[in-house]
Amino acid sequence: MIVKVDGLVKRYGRLVALDYLNFEVKEGEIFGLLGPNGSGKTTAINCILSLLKYDKGTIEIFGKKMGPDKYDIKRDIGIIMQNVAVFDELTVYENIYYFCSLYINDKEKIKEYTEEAISFVSLEEYKKFYPKKLSGGLLRRLNIACGIVHKPKLIILDEPTVAVDPQSRNKILEGIKLLNEQGATVIYTSHYMEEVEQICDKIAIIDKGKVVAQGTKDELKAMISIGEKITIETYQITEEQIMIIRELPNVISVIYDNNQLEIKSGRGKNNLLQVLHYMENNKIAFGKVFTQLPTLNDVFLEITGKELRD
Amino acid sequence: MPVFRTYFKIMKKQLVGLILYGIMFIAITLLITFFIIRDNSKEFTVSRVPILLINNEGDNEFIEAFTSYLEGYVEFIDVDDSDEAGRDALFYNEVKYILTIPKGFTDGFLSGEEIMLIKEVNPDMTSVQSVDSAIDNYLNMARAYISYNPGFTLEELIDFLSMNPVSETEVIIETGKKVSLDAVEFDTYYFNYLGYIMVVCFVLGVSTVMMSFNGLEIRRKQFAAPVSSKNFNLQLILANLLFVLVYLLIFIIVGYLTNPFRRLHLGLVLTWINALVYAVVVLCISYLIGITVKGKNAIQAISTGLSLGLAFLSGMFVPQQFLGTAVLRVASFLPSYWYVRANNTIGEISNYSINNLTPVFQYMAIQIGFIAVFLAIILVVAKRKRQEAT
Ligand SMILES: Nc1ncnc2c1ncn2[C@@H]1O[C@H](COP(=O)(O)OP(=O)(O)O)[C@@H](O)[C@H]1O
Ligand SMILES: [Mg+2]
């Protein structure tokens, strides 16, 4: 076990930010912590790193109890904060070099690692640039380079793609996968379910400081009753006809809004077919038809009764 | 020592500004200092003490020689020929000294009798000292000549006295004033202004760097790294001290080399020590600003405002005796006031003794007291900051 969080409670005054949070991260995993803004992701990360005092619970990293002065544990952790944390007065190269030198003593090694980190995030052309001159995406990449330059065994990234253009975002996600393939265990927090679905092996969905569901993405989707989401474009359907569709076998809910008929049904084979049959037989004209498997958003919606994104 | 080295990497980015300020400071200081010194020395020769001479003896060659000698030090004022008028003039400060030459003075003096000149002064006048000693010097010289040359003529005596003028510096030595006016005065002005420029540059340099190290996210990242905060702070403190020492050393050397009357003496060394103490005070203030203030623009404003404010309130630009008592009362709560006061006191001392050095050490001790207070505040703020980050 790389990380073990057990019964973690953190209060900010009256606000309970973490409410008996539990999760475990195994070696070699990309572990996703998925939750809306304010659900306690950053707080959890800060507690894990002993940057925050917490009220209850235990945290173990690499099988040892974590604490503020556990420097041998800290040495093997790389952290990428939610907000970019670099020195404005130092160049790209100098920034990465500095953060590397906090972890490693050998000067030659620091230089070597710094160069490697720079090419890893493809900032070779910007080595001598100051952070002020970098775009949002490049700045994020610098932030990541500063966090991973010392080749940590455990990498913790807290929403590293917020306010990043799609191109940089893909690059970042690919980079994380690559680091994982090279052997690092990763904890990745986000409120973007697509990202988490894309790269994470294991996911914990958290809300109000609690893990509400946990597992692989298939396991999570299997937890909920919806098996399929069908969307049909139609312009002439009556209330009565909607009522009848709602009564069809395996259908869970039907919403008609904005000329879109959205049908959620449980797991089964002929969900789409029976609806289209009914519409044909009753001469209801329809346009485009989609079916989707449930997303993590559906999982979140079903468990908490609200959307993941506001 | 990655933190230590990075401190100076960041400081290097401020270097251009610091050097510019330094050059500006030296140029302006030299200009002002020379201006003031020249002004003062002019004043020194021009402002002769106004005195009223009542000559009951009548004119003779000796009296004539004596009075014309005195004209180098005093200005004879004419007042109505009555006791009353003389006293009034003294009371209203039109004259500072009434010198009466009694009848029979010349003959008595030349034959070696102890005949006294009669003087009347305001008790609180210090400037009369120089007149007293001018008179004493002249008469002592005459007495010496008389006793070693039994068969002298009056003419010979007057010749001798005019050939061996009692020099100005000797008068100054006699009255207990400074040995070499200009050298010490230069140092006093130079280091008083340095007190101003230290605030400008330390706030600009130290505060900016400390602020960089104290951004919340950066601090978190540092806490997450395998470096203890003790080690981390130690590196920063060392870096800060080194910066301050080097900075001060440069200005001490430049100040010494640019002083046209340069002379190494105890007073100068004391001034250096005083500057070092004050530099640590300013370092503490800058450190505190660096860990509390947010935003580099604010630093600029604070650097300007604080340096000017302290300088004006504490008499770095305007001599302290020209500041009103209300201002001085406020100023005495500022470390800069005691720095300037120590400098000025050192500048006024001619011969160093435990007695006249005691106040200097007291003023330094007060500054050290300020250091203690600031350190305490820094510790409290740093603890609060740590809790905020953790
Ligand atoms: N320093 C703090 N003081 C008080 N409340 C805080 C503090 N930091 C976070 N919170 C609150 O704790 C909750 C969790 O915040 P956070 O961990 O930042 O969530 P997330 O990272 O998932 O967006 C939020 O309600 C937030 O307002
Ligand atoms: Mg967050």
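**Exercise 1: cysteines**

Work out how many disulfides there are over all chains of this predicted model.

*Solution.* Start with the chemistry: a disulfide is a covalent bond between the sulfur atoms of two cysteines. The cut-off we need is a pair of cysteine sulfur atoms within 2.5 Å. Now try Cys100(A): the closest cysteine sulfur sits in Cys146(A), 10.0 Å away, so that's too far for a bond. Going the other way, the closest cysteine sulfur to Cys146(A) is the one in Cys100(A), again at 10.0 Å and too far. The count over all chains comes to zero disulfides.

Next, decide for each of these two cysteines: buried or exposed? Buried means under 20% relative accessible area. Cys100(A) has 0% relative accessibility, so it counts as buried. Cys146(A) has a relative accessible area of 3%, so it is buried as well.

**Exercise 2: the surroundings of ligand 1**

List the residues around ligand 1, then pick out polar contacts with its oxygen atoms.

*Solution.* First, the neighbours. Around ligand 1 you'll find Tyr12(A), Leu15(A), Ala17(A) and Pro36(A), then Asn37(A), Gly38(A), Ser39(A), Gly40(A), Lys41(A), Thr42(A) and Thr43(A).

Second, go through the N and O atoms, keeping pairs within 3.5 Å. Gly40(A) puts a backbone N or O atom 3.0 Å from a ligand 1 oxygen atom. With Thr42(A), a polar side-chain atom does the job, 2.6 Å from an oxygen atom of ligand 1. Thr43(A) also uses a polar side-chain atom, and here the distance to a ligand 1 oxygen atom is 2.5 Å.

**Exercise 3: a sheet in chain B**

Put the four strands of the open sheet in chain B in order, and say which of them stand at the edges.

*Solution.* Reading across, the order is S2-S1-S3-S4, with mixed pairing. Strand S2 (74–76) and strand S4 (118–121) of chain B each have a single partner strand, so they are the edges, and one side of each has no neighbour in the sheet. On average, neighbouring strands here are turned by 30 degrees against each other, ignoring direction.

Now zoom in on S1 (residues 49–55) and S3 (residues 97–101) of chain B: they run parallel and are joined by five bridges. One detail to check by eye: Leu53(B) has Leu99(B) as its bridge partner in S3(B).

Finally, add the helices. H2 (residues 61–70) of chain B packs on the sheet, touching S1, S2 and S3 of chain B, and its direction makes about 120 degrees with that of S2(B). H3 (residues 83–91) of chain B packs on the sheet too, touching S1, S3 and S4 of chain B, at about 150 degrees to the direction of S3(B).

How values were computed: Residues numbered from 1 in each chain as written. Chains lettered and ligands numbered in written order. Predicted model: local features only at pLDDT ≥ 70, side-chain atom pairs only at ≥ 80, totals over all residues. Heavy atoms only, no water. Pairing = 2+ DSSP bridges. Helix = DSSP H or I, 4+ residues; strand = E, 2+ residues; numbered from the N terminus. Axes fitted to C-alpha atoms, helices over the stretch in contact; angles between N-to-C directions. Contact = heavy atoms within 4.5 Å. Buried < 20%, exposed > 50% of the residue type's maximum accessible area, 1.4 Å probe, protein only. Near = heavy atom within 4 Å. Polar contact = N/O pair within 3.5 Å; in protein donor to acceptor, adjacent residues only side chain to side chain.
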